[in-house]
Amino acid sequence: MRIAALIVAAGRGTRAAVSGVGPKQYALIGGAPVLWHTLRAFAGNSAISDIQVVIHRDDAEFYRESVPVGAATVWPAVIGGATRQASVYAGLQALSALKPDAVLIHDAARPFVGPETIERAIEALITSPAVIAALPVADTLKRANPDGTIGGTLDRTSLWYAQTPQGFHFDVILDAHRRAAEADRDDFTDDAAIAEWAGIPVKLIEGTADNVKLTTAADIAEAHRKLSGRSERDFEPRVGTGFDVHRFTAGDHIWLGGISIGHTHGLEGHSDADVVLHALTDALLGTIGDGDIGQHFPPSDPKWKGAASRLFLEDAARRVTALGGRIGNVDITVLAEAPRIGPHRAAMQALIGDVLGLAPDRVGIKATTMETMGFVGRREGIAAMASATVFLPRGGN
Ligand code: MG
């Protein structure tokens, strides 16, 4: 199933707007915009192949700083409409070119959506055309009289608080939105309501209490406290190492650190034989004890023949992100008599930094010859070793 995520960030959110800070979905919590945290939650899920954000036309500047670096699945934003419903419709129309099978629609202002909720929604979509994350109402509910006295007590047993994500088979929700627009209905406050109107059964799945919608300035402040109250002590440093070797073969260029470098030989390998990215991928997998590159991308699988090794590194970074980890730095040593690495160092730093979301000073690239000793010294091949540090939340995210 090709699953897309549609993040609705076009609202003005005047209730939480603070002058000079902009709409609430761009307010900084824990050092990053609310939307950044939301996007990270979806970009960290490998089942989601495409992420479309809908923004307000005035927010392009805010938006640029809200996309996690290296979140390769985020498409350029589209501009929303006058209502939430119109914004979602615009996002669905943009996604329709990609022909996803299903879409999870989610509020940008719910940054604490957990991986378990996203996974439950995806799983439910296998058997249901529409699903909604929701929580059973725990409080007793009263109906008020106009004079401020209680007019009655409601039966809460069948009542739920609606959250997002709300997931749908793509064609079903696109069609329901089209029909709602044609019927001049523009007052639906969520997508489940449109599905209900269109006669589509919507299955309830359990959300989580912390998947709150940040609505007021007090909500933003509380979210900030929650994230920044997490001190360095709440993260544990992890270190991983990786090593890789490939043999020279006939050819006129090699791939190193994602860069093509002209050379007297090529490197033999099933993929593009990039020893730097292979060693680095293994170092990252090592930080989370998640096997090695050969396990996730077996050389026996023809799918990876000639593959750009950047894909392997992106996958390892996603696995770290999915655990709530952030990468501290990476460090690489290339063992080769030739070619010279120095002229290509900056390009490798930029490419690896782009994939991992790291500034160049967090990407070490070093090289040494082997003084003509051993297999590297005899120019039979190139080796690379790498290490990586990652900070993982203690006791899960
Ligand atoms: Mg290799």
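Okay, quick one on domains: the bounds I'll use come from an automatic or database domain assignment. And keep in mind that this is a predicted model.

So, the chain splits into domain 1, residues 3-228, and domain 2, residues 232-393. How far apart do the C-alpha centres of the two domains lie? For domain 1 and domain 2 that comes out at 37 Å. Where they touch, domain 1 puts in seven residues and domain 2 puts in nine.

Now, what does that interface look like? About 610 Å² is buried between domain 1 and domain 2, with carbon and sulfur atoms giving 59% of that. If you go hunting for salt bridges across it, you get zero. Polar contacts, counting pairs with both residues at pLDDT 80 or more, also come to zero. As for who is there on the domain 1 side, the residues touching domain 2 are three nonpolar, three polar and one charged.

Okay, over to the sheet. We've got seven strands in an open sheet with mixed pairing, and the order runs E5-E4-E1-E6-E10-E7-E11. Which strands stand at the edges? Those are E5, residues 78-79, and E11, residues 203-206. Each has a single partner strand, so one side of each has no neighbour in the sheet.

Let me zoom in on the E5 end. The partner here is E4, residues 48-55, and the two strands run parallel, paired over two bridges. If you want a spot to click on, go to Ile 55, which sits opposite Ile 79 in E5.

That's my bit, happy to rotate the view if anyone wants another look.

Notes:
Residues are numbered from 1 along each chain as its sequence is written. This is a predicted model: local features need pLDDT of at least 70, side-chain atom pairs count only at pLDDT 80 or more; totals for chains, interfaces and linings use all residues. Side-chain values use heavy atoms; hydrogens and water are left out. Contact means heavy atoms within 4.5 Å. Buried area is the accessible area (1.4 Å probe) that two parts lose on being put together, summed over both. A salt bridge is a side-chain nitrogen of Lys or Arg within 4 Å of a carboxyl oxygen of Asp or Glu. A polar contact is a pair of N or O atoms within 3.5 Å; within protein, one must be able to donate a hydrogen and the other to accept it, and residues adjacent in sequence count only if both atoms are side-chain atoms. Ala, Val, Leu, Ile, Met, Phe, Trp, Tyr, Cys and Pro count as nonpolar, Asp, Glu, Lys and Arg as charged, and the others, Gly among them, as polar. Two strands pair if DSSP finds at least two bridges between them. Helices (H or I, at least four residues) and strands (E, at least two) are DSSP runs, numbered from the N terminus.
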